[in-house]
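Me: I would like to learn how to read a model like this one. Where should we start?

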Amino acid sequence: MFLSFLFFLFLSPFGTIVLLPHIGSAAKSTREQMIQMSTKNQLLEKIQFILELPNKMKQLIEQNQYDKALDDYLDARQSLNKYAHLSSFKNIQKDCNEMLEQIKQYFYGQLANENLTTTQLNKSIGYLIRLNECPKNLCEKYFEMCEKKMNIILDEIRNETTTTKSRSI
């Protein structure tokens, strides 16, 4: 049966072999302490990220980086929910909710922008879905915008056809 502790051999300065017991268990203990420290460090980084979140979101919104502000909030949402029972986290959530309303208005405004590409339109819809907006309403808005764009294209085609016919006559 394997011993519960390890012995390491090394050559002493006098040329003799020396057994060192418990180095393996000491290394295991140090490894476990490092893992605990790393876990605590990760938790502190998450908490720091959450504490800085309202100010960071505000700055990003001021810079018209709505998607980045929303991504940061979504990264923190699970932790905010986990610690919602703490008053400081409730205040952070309240501040974030106010900014989320601004972000929603921005993305809903994007849905009304006829110059938006299909990719940008899909991206705005995706963000609103991630904010738990009603998919049925978003589908209606999406199809309204697609219909507007299609009508614009059809009008352009009709105008070209009319122009081409009048030139050929």
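Reply: Start with the core. This is a predicted model. Its largest nonpolar core has 28 residues. M57, L70, Y73, L80 and I103 have the most contacts inside this core.

Me: Which helices supply residues of this core?

Reply: Helix 1 (23-62), helix 2 (66-82), helix 3 (87-111), helix 4 (118-130) and helix 5 (135-168) each supply at least two. Helix 3 gives the most, with 8 residues.

Me: What is the overall layout of the elements along the chain?

Reply: From the N terminus the order is β-β-α-α-α-α-α. That comes to 5 helices and 2 strands.

Me: Let me pick one core residue. With which residues is M57 in contact, leaving aside its neighbours within four places in sequence?

Reply: M57 is in contact with A69, Y73, C96, M99, L100 and I103. Two of these partners, Y73 and I103, are also listed with M57 among the residues with the most contacts inside the core.

Me: How do I judge contacts over the whole chain?

Reply: Look at separation in sequence. Take the contacts with a separation of 6 or more. Residues 24 or more positions apart account for 51% of them.

Me: What share of the chain is buried, and how much area does the chain expose?

Reply: Of the 169 residues, 23% are buried. The chain exposes about 12600 Å². Carbon and sulfur atoms supply 56% of that area.

Me: Now the rings. How is an aromatic pair described?

Reply: Two values do it: the distance of the centres and the angle of the planes. By the rule used here, the count comes to 5 aromatic pairs. Take Y66 and Y106: they lie 3.9 Å centre to centre, with 10 degrees between the planes. That pair is stacked.

Me: Where do Y66 and Y106 sit in the chain?

Reply: Y66 is in helix 2 and Y106 is in helix 3. They are 40 residues apart, so the pair links distant parts of the chain.

Me: And is Y106 paired with F107 as stacked or edge-to-face?

Reply: Edge-to-face. The ring centres are 5.1 Å apart and the planes stand at 70 degrees. The cut-off for this class is over 60 degrees.

Me: Which residues do the ring pairs link into a cluster?

Reply: Y66, Y106, F107 and Y127.

Me: Are Y66, Y106 and F107 buried or exposed?

Reply: Y66 is buried, at a relative accessible area of 14%. F107 is buried too, at 4%. Y106 is partly exposed, at 30%. The line for buried is under 20%.

Me: Let us turn to the surface. Which residues make a nonpolar patch there?

Reply: M150, I153, L154 and I157 make one of about 360 Å². M150 lies in helix 5.

Me: Last, the backbone. Which residues have a positive phi although they are not glycine?

Reply: Take N64 and N132. N64 has a phi of about 60 degrees. N132 has a phi of about 65 degrees.

Me: Where are N64 and N132 placed?

Reply: In loops. N64 is in the loop between helix 1 and helix 2. N132 is in the loop between helix 4 and helix 5.

Me: Are N64 and N132 buried or exposed?

Reply: N64 is exposed, with a relative accessible area of 53%. N132 counts as exposed as well, at 61% relative accessibility.

Key:
Residues are numbered from 1 along each chain as its sequence is written. This is a predicted model: local features need pLDDT of at least 70, side-chain atom pairs count only at pLDDT 80 or more; totals for chains, interfaces and linings use all residues. Side-chain values use heavy atoms; hydrogens and water are left out. Helices (H or I, at least four residues) and strands (E, at least two) are DSSP runs, numbered from the N terminus. Buried means under 20% relative accessible area, exposed over 50%, partly exposed in between (1.4 Å probe, protein chains only). Contact means heavy atoms within 4.5 Å. Accessible areas come from the Shrake-Rupley method with a 1.4 Å probe; for residues, only the protein chains shown count as cover. A nonpolar core is a set of buried Ala, Val, Leu, Ile, Met, Phe, Trp, Tyr and Cys residues joined through side-chain atoms within 4.5 Å. Rings of Phe, Tyr and Trp (its six-membered ring) pair if their centres lie within 6.5 Å; planes under 30 degrees apart count as stacked, over 60 as edge-to-face and the rest as tilted. Patches are made of residues with over 30% relative accessible area and no salt bridge: like charges are joined within 9 Å, nonpolar side chains (Val, Leu, Ile, Met, Phe, Trp, Tyr) within 5 Å. A salt bridge is a side-chain nitrogen of Lys or Arg within 4 Å of a carboxyl oxygen of Asp or Glu.
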